[in-house]
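Me: Please take a close look at a single part of this model, the place where empty space is left among the atoms. Then follow the chain outward from that part to what lies around it.

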Amino acid sequence: MKVQKNYLSPKEYEIMTIFWSMDKPLTASEILQHRKEGTWAANSIHPLLNKLLENGYIAQRVAKVNSRLYEAKVSLSDYITNQVSEVFENETNKFNVSSFLSGLMGGDQEKDEEIISELENWLDDYSKKSV
């Protein structure tokens, strides 16, 4: 899913990580309960949610009288894909695929092997589709 604005502020990103980790619709008070202590004030929640609604990251629906449920419309995977695509599509950036892939490797051999295996499988599947 393509979103209007590809960049999330740190506060917006924190709210989205709450949605992604909970994987269910939440009320504003539930979001507040899961925020990292001291990262933003409780009275900031509604402007932040409105901004996320405006930019197509979340949707809202009425749950009960005076209660709204919010849910993510953009998955973490879609958000990351949009971020990486934006870098690739920006012609002024000198993006280096090798540096990007090296950044994925964190030095943990087991995780690195898992990433390499996933990349090999993806390349294999992709090359079969192209034929």
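**The largest pocket and its surroundings**

Reply: In this predicted model, the lining of the largest pocket divides into 8 nonpolar residues, 1 polar residue and 1 charged residue. The lining is made up of Thr-81, Val-84, Phe-88, Phe-100, Leu-104, Ile-115, Glu-118, Leu-119, Trp-122 and Leu-123. Because Thr counts as polar and Glu as charged, the polar residue is Thr-81 and the charged one is Glu-118. The volume of this pocket is about 410 Å³.

Three helices, α4 (76-89), α5 (97-104) and α6 (109-130), each supply at least two lining residues. The largest share comes from α6, with 5 residues.

One of these helices, α4, leads to another part of the model. The buried residues of α1 pack against α4, and also against α2, α3, β1 and β2 (67-72). Those buried residues are Glu-12, Glu-14, Ile-15, Met-16, Ile-18, Phe-19 and Trp-20. Thr-17, also in α1, is partly exposed because its relative accessible area is 26%, between the 20% and 50% limits. The C-alpha atoms of Thr-17 and Asn-55 are 16 Å apart, with their positions 38 residues apart in sequence. As for its length, α1 has 13 residues and should therefore span 18 Å at 1.5 Å a residue; its end C-alpha atoms are 18 Å apart, which agrees.

Several residues of α1 belong to a nonpolar core. In soluble globular proteins, nonpolar side chains tend to be buried together. The largest nonpolar core here has 19 residues, and those with the most contacts inside it are Ile-15, Met-16, Phe-19, Ile-31, Leu-49, Tyr-57 and Ile-58. Two or more residues come from each of α1 (10-22), α2 (28-34) and α3 (45-54). Of these, α1 gives the most, with 5 residues. The contacts of Ile-31, leaving out residues up to four places away in sequence, are Ile-15, Ile-18, Phe-19, Leu-26, Trp-40, Ile-45 and Leu-49.

The loops beside α2 come next. Asp-23 follows α1 and lies in the loop between α1 and α2. Most residues other than glycine have a negative phi. The phi of Asp-23 is positive, near 55°. Asp-23 is exposed, because its relative accessibility is 68% and the cut-off is over 50%. On the other side of α2, Arg-35 lies in the loop between α2 and α3. At 19%, Arg-35 falls under the 20% limit and so counts as buried. Beyond its neighbours within four places in sequence, Arg-35 is in contact with Glu-14, Ile-18, Trp-40 and Ala-42. Of these partners, Glu-14 and Ile-18 are among the buried residues of α1.

Strand β1 (residues 58-64) holds Ala-59. Ala-59 is partly exposed, because its relative accessible area of 22% is not under 20%. Residues up to four places away aside, Ala-59 touches Leu-53, Leu-69, Tyr-70, Glu-71 and Lys-73. Ala-59 and Glu-89 are 30 residues apart along the chain, and their C-alpha atoms are separated by 28 Å. That brings the account back to α4 (76-89), one of the helices that line the largest pocket.

Terms used
Residues are numbered from 1 along each chain as its sequence is written. This is a predicted model: local features need pLDDT of at least 70, side-chain atom pairs count only at pLDDT 80 or more; totals for chains, interfaces and linings use all residues. Side-chain values use heavy atoms; hydrogens and water are left out. A nonpolar core is a set of buried Ala, Val, Leu, Ile, Met, Phe, Trp, Tyr and Cys residues joined through side-chain atoms within 4.5 Å. Buried means under 20% relative accessible area, exposed over 50%, partly exposed in between (1.4 Å probe, protein chains only). Helices (H or I, at least four residues) and strands (E, at least two) are DSSP runs, numbered from the N terminus. Contact means heavy atoms within 4.5 Å. On a 1 Å grid over the protein atoms alone, a cavity is a set of points where a 1.4 Å probe fits but cannot get out, and a pocket is an open set with protein on both sides within 12 Å along at least five of seven lines; lining residues have an atom within 4 Å of a point. Grid points are joined across faces, edges and corners, and a volume is the space filled by probe spheres set on the points. The expected span of a helix is 1.5 Å times one less than its number of residues.
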